[in-house]
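Reader: I would like a close look at a single part of this model. Start with one loop, then show me how the rest is held together.

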Amino acid sequence: MDQFQSEAFGELQRLVDSIFLGKTAVDRLDLVVQAEILDLDPDLLEIVSLVPPGIYERQRLCDQLNSALAAHGWGSAYGTVE
């Protein structure tokens, strides 16, 4: 593990992969509930909570999450999503 990577590195990718199984769009509430079910790290729950209400296709949601990660400077610690 890289010295800057958190133990939760890649967990947001797992969240995105799981929430889009069989779906082309999800809403913010589904995202928040799934993040809580997966028991994400509190920092990652904060990132998820920054996503504005709405319905998201995968790329748009990833852009929102990656933007929040970058704003916090947490991309290297938690990874980005695609």
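Author: Asp39 sits in the loop between α2 and α3. (Helices are DSSP runs of H or I with at least four residues, strands are E runs of at least two, and both are numbered from the N terminus.) Its phi is near 55°, a positive value in a residue other than glycine. Most residues other than glycine have a negative phi. Asp39 is exposed, with a relative accessible area of 66%. (Exposed is over 50%, buried is under 20%, and partly exposed lies in between, using a 1.4 Å probe on protein chains only.) Another positive phi, about 70°, belongs to Gly73, just after α4.

Before going on, some ground rules. This is a predicted model: local features need pLDDT of at least 70, side-chain atom pairs count only at pLDDT 80 or more, and totals for chains, interfaces and linings use all residues. Residues are numbered from 1 along each chain as its sequence is written, and side-chain values use heavy atoms, with hydrogens and water left out.

How confident is the prediction? The average pLDDT is 91, and 96% of the residues score at least 70. (pLDDT is the predictor's confidence in each residue, from 0 to 100.) Strand β2 (residues 55-57) has the highest confidence, at 98, and helix α5 (residues 75-78) has the lowest, at a mean of 83.

Now to α1. Its buried residues are Leu12, Gln13, Leu15, Val16 and Ile19. They share one side of α1, because they cover an arc of only 155° around the axis. (The arc is that of the directions from the helix axis to the C-beta atoms.) That buried set packs against β1 (25-27), α2 (28-37), α3 (42-49) and α4.

Gln13 deserves a stop. It is buried at 18% relative accessible area. Its side chain reaches the backbone nitrogen of Glu82 at 2.9 Å. (A polar contact is a pair of N or O atoms within 3.5 Å; within protein, one must be able to donate a hydrogen and the other to accept it, and residues adjacent in sequence count only if both atoms are side-chain atoms.) Beyond its neighbours within four places in sequence, Gln13 is in contact with Arg58, Thr80, Val81 and Glu82. (Contact means heavy atoms within 4.5 Å.)

Charges come next. Side chains of opposite charge can pair when their charged atoms come close. The structure holds two salt bridges. (A salt bridge is a side-chain nitrogen of Lys or Arg within 4 Å of a carboxyl oxygen of Asp or Glu.) One joins Glu11 and Arg14, with the closest N and O atoms 2.7 Å apart. These two are three residues apart in helix α1 (residues 11-19), so about one helical turn separates them. Glu11 is partly exposed at 22%. Arg14 is partly exposed at 40%.

Asp17 and Arg58 form another salt bridge, with the closest N and O atoms 2.5 Å apart. This pair links distant parts of the chain: Asp17 is in α1, Arg58 is in α4 (residues 58-72), and their positions lie 41 residues apart. Asp17 is partly exposed at 35%, and so is Arg58 at 29%.

Thr24 also touches Arg58. It lies in the loop between α1 and β1 and is exposed at 68% relative accessibility. Leaving aside neighbours within four places in sequence, Thr24 is in contact with Tyr56, Glu57 and Arg58. The C-alpha atoms of Thr24 and Tyr56 are 8.4 Å apart, with their positions 32 residues apart along the chain.

Last, α4 itself. It has 15 residues and reaches 21 Å from first C-alpha to last, close to the 21 Å expected at 1.5 Å a residue. (The expected span is 1.5 Å times one less than the number of residues.) Its buried residues are Leu61, Cys62, Leu65, Ala68 and Leu69. They fall within an arc of 130° seen down the axis, so they line one face of the helix. The face turned away from that buried side carries exposed Gln59, Ala70 and Ala71. The buried residues of α4 pack against α1, β1, α2, α3, β2 and α5.
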